[in-house]
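Visitor: Hey, I've got a structure to look at and no idea where to start. Can you walk me through it?

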Amino acid sequence: MKISAKGVRSGDEEIIARVISMVENQRQQAFPLLKELYRDAELAYLAGITGPPGSGKSTLVEKLVLSWIAEGEKVAVIAIDPSSEFSGGALLGDRIRMGGISTEKNVFIRSMATRGYLGGLNPAIFDTVVVLSAAGFQKIVIETVGVGQNEIDIVRLADTTMVVTVPEAGDEIQSFKAGLMEAGDIFILNKADQPAASRMELILKQMLEMKDRQNHSCSVSAWQVPIVKTIATEGEGIEELKKAVARHRDFLSRSWKERNNRSRVIRNHVVHLMEEYLRNHFIDPLLESSYFQEILTGISTRKTDPYTAVEQLVKSFKKEQGNHEN
Ligand SMILES: Nc1nc2c(ncn2[C@@H]2O[C@H](COP(=O)(O)OP(=O)(O)O)[C@@H](O)[C@H]2O)c(=O)[nH]1
Ligand SMILES: [Mg+2]
């Protein structure tokens, strides 16, 4: 079967996989298809899950997904792989680790690289969300490892963000990246079978209370971040986690209705596409031009300075754009 919007909509896994590869490797060629797919796709609900390696994210995802598909849903998992620039598809560890769900009919798993070739968050992640939405996946779980910017970038892309911690993280948690603390909609304390679990729960509670006080988010309409204790390997706490996710989703849909948009996800998608466009059409060609070399020389010899140079560059970009439009 060949690559087409119809093929994607039919849910054919092979076609979906090929379209995602196209999105990763020949992005520009994929845009007409993405436009077509976007037009009548209901954008899937995006749940992000993040936390240190080994904290049990994949085990949790597997249990959540099994439970969702048992209710008749189609669920996709995007495992973000920070170790490789180009993951080259779904050959990575998480696919194997999630062995329990990888053969399920209504589940699609894909590993992707964190970073695109331009450095920022891999724009193919957003496009993959579009493809999977068009293919009828109602929920997409995005699993990401590591600490730092990668997590926070990806967290911004999700509707609901789950942050996983484990008892042994103990004092380490105190140094939680501020951004991550802010981004967590649900905190999961996994490995609750371990002895330090209740101490860790206390630490988490205190941190969340502190955050609440800082944000003055005492109003009735604000989301109260829950802490859900789980033993992923036993499936314990999964029902409660599912409920917390559903509650956050309801909370979000109310605000989407109020504002008539899904601001976080859509906004980030547009911003990323703009960044990509600007890099491809302006910044990269400029970097390769002799004009840019002249500017650098100009700055070195103090004929100009970086601030003035950038102002002039932006002016000439705008002028160039104006010429194209006329
Ligand atoms: N004791 C215990 N081990 C767990 C629990 N959840 C996951 N594990 C184990 O922790 C290890 C890492 O789990 P994994 O899901 O691959 O973590 P990830 O790297 O965050 O995706 C595996 O050996 C799991 O079996 C739990 O609740 N309790
Ligand atoms: Mg994992």
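**A walk through the model**

Guide: Let's start at one residue. Setting aside neighbours within four places in sequence, N190 is in contact with S55, G56, L60, V164, T165, V166, P167, T230, I231 and A232. Keep in mind that this is a predicted model.

Visitor: OK, so where does N190 sit?

Guide: N190 is in the loop between β6 and α10, and α10 covers residues 197-215.

Visitor: Is N190 buried or exposed?

Guide: Buried: the relative accessible area of N190 is 2%, and the cut-off for buried is under 20%.

Visitor: Which side chain does N190 make a polar contact with?

Guide: That would be the side chain of T230, at 2.9 Å.

Visitor: I saw V164 in the contact list of N190. What's around there?

Guide: V164 is part of β5 and is buried. Strand β5 runs over residues 160-165, and six of its six residues are buried, so the strand is largely enclosed by the rest of the structure.

Visitor: Which residues are on which side of β5?

Guide: T160, M162 and V164 are on one side, with T161, V163 and T165 on the other. Both faces are covered.

Visitor: Why does every second residue end up on one side?

Guide: In a regular strand, side chains alternate between the two faces of the sheet.

Visitor: Which strands are joined to β5?

Guide: One is β1, residues 45-50, which is joined to β5 by four bridges. Another is β6, residues 186-189, also with four bridges to β5. The β1 and β5 pair runs parallel, and so does the pair of β5 and β6.

Visitor: Can you give me a residue to look for in each pair?

Guide: Sure. Find G48, which stands opposite T161 in β5. For the other pair, M162 stands opposite I186 in β6.

Visitor: Switching topic: how many residues surround ligand 1?

Guide: There are 16, and the closest are G54, K57, S58, T59 and D193. By type, the shell has four nonpolar, seven polar and five charged residues.

Visitor: Which helix gives the largest share of that shell?

Guide: Helix α4, residues 57-70, with three residues.

Visitor: What about the oxygen atoms of ligand 1, what do they sit beside?

Guide: Here are three distances to oxygen atoms of ligand 1. A polar side-chain atom of K57 is 2.7 Å from one, a polar backbone atom of G54 is 2.8 Å from one, and a backbone N or O atom of G56 is 3.0 Å from one.

Visitor: How much of ligand 1 does the protein bury?

Guide: On its own, ligand 1 exposes 590 Å², and the protein buries 72% of that.

Visitor: Got another residue I could look at?

Guide: Try V23 in helix α2, residues 13-25. V23 counts as buried, at 1% relative accessibility. Beyond neighbours within four places in sequence, the contacts of V23 are A30, L34, A124, D127, T128 and V131.

Visitor: How far apart are V23 and T128?

Guide: They are 105 residues apart in sequence, but 7.4 Å apart in space, going C-alpha to C-alpha.

Visitor: And what about the protein chain as a whole?

Guide: The chain has 14 helices and seven strands. Of its 326 residues, 47% are buried. Looking at contacts between residues at least 6 apart in sequence, 76% join residues at least 24 apart.

Visitor: How much area does the chain expose?

Guide: About 17100 Å², with 54% of it supplied by carbon and sulfur atoms.

How values were computed:
Residues numbered from 1 in each chain as written. Chains lettered and ligands numbered in written order. Predicted model: local features only at pLDDT ≥ 70, side-chain atom pairs only at ≥ 80, totals over all residues. Heavy atoms only, no water. Buried < 20%, exposed > 50% of the residue type's maximum accessible area, 1.4 Å probe, protein only. Helix = DSSP H or I, 4+ residues; strand = E, 2+ residues; numbered from the N terminus. Pairing = 2+ DSSP bridges. Near = heavy atom within 4 Å. Polar contact = N/O pair within 3.5 Å; in protein donor to acceptor, adjacent residues only side chain to side chain. Areas by Shrake-Rupley, 256 points an atom, 1.4 Å probe, with all protein chains shown as cover. Nonpolar A, V, L, I, M, F, W, Y, C, P; charged D, E, K, R; others polar. Contact = heavy atoms within 4.5 Å.
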